[in-house]
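Q: I'd like a close look at one part of this model, please: the first place where the chain reverses between neighbouring elements. Could you start there and then work outwards, saying what each term means as you go?

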Amino acid sequence: MKAAITAKNLIHSYDNRAVLRNLTFSITEGDFFIIIGPNGSGKTTLMRTIAGILRPQGGQIDLFK
């Protein structure tokens, strides 16, 4: 199956506080996934990066490639 989302070494921080640090994962088309974690752990930052609202400060994210 084809990858729907592939992230390689994503990095994002706010005011020198790393929120996403070398995050790497792949989600296959048709799969379901859930993102859980405490407040401030980077869930919204990750979703905004996937949606293209935020640009990663490092690494890359590919959608349907």
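A: Let's start at N16, which is exposed because its relative accessible area is 82% (exposed is over 50%, buried under 20%, and partly exposed in between, with a 1.4 Å probe and protein chains only). This residue lies in the loop between β1 and β2, where strands are DSSP E runs of at least two residues and helices H or I runs of at least four, numbered from the N terminus. The model is predicted, with local features needing pLDDT of at least 70 and side-chain atom pairs pLDDT 80 or more, while totals for chains, interfaces and linings use all residues. Residues are numbered from 1 along each chain as its sequence is written, and side-chain values use heavy atoms, leaving out hydrogens and water.

The backbone at N16 deserves a look: phi is positive, at about 65°, although the residue is not a glycine. D15 also has a positive phi, near 50°, and is likewise a residue other than glycine. You will find D15 in the loop that joins β1 (3-14) to β2 (17-28). Like N16, D15 counts as exposed, because its relative accessibility is 78%.

Now follow the chain out of the loop into β2. L23 is found in this strand, and L23 is partly exposed because its relative accessible area is 27%. The C-alpha atoms of L23 and H12, 11 residues apart along the chain, are separated by 9.6 Å. Leaving out residues up to four places away in sequence, L23 touches A7, K8, N9, L10 and L46 (contact means heavy atoms within 4.5 Å).

L20 also has a list of partners worth tracing. Beyond its neighbours within four places in sequence, L20 is in contact with L10, I11 and H12, and also with G42, T45, L46 and T49.

L20 belongs, too, to the largest nonpolar core, whose eight residues are A4, I5, A7, L10, L20, I27, L46 and I50 (such a core is a set of buried Ala, Val, Leu, Ile, Met, Phe, Trp, Tyr and Cys residues joined through side-chain atoms within 4.5 Å). At least two residues of this core come from each of β1, β2 and α1 (43-51). The strand that gives the most is β1, with four residues. In soluble globular proteins, nonpolar side chains tend to be buried together.

Two of those core residues, A4 and I5, lead us on to strand β3 (residues 58-63), where D62 has its place. D62 touches A4, I5 and T6, again not counting residues up to four places away in sequence. D62 is an acidic neighbour to notice here, since it counts as buried because its relative accessible area is 18%.

D62 also forms a salt bridge with K65, the closest N and O atoms being 3.9 Å apart (the rule asks for a side-chain nitrogen of Lys or Arg within 4 Å of a carboxyl oxygen of Asp or Glu). By this rule the count comes to one salt bridge. K65 counts as exposed because its relative accessibility is 72%, whereas D62 counts as buried at 18%.
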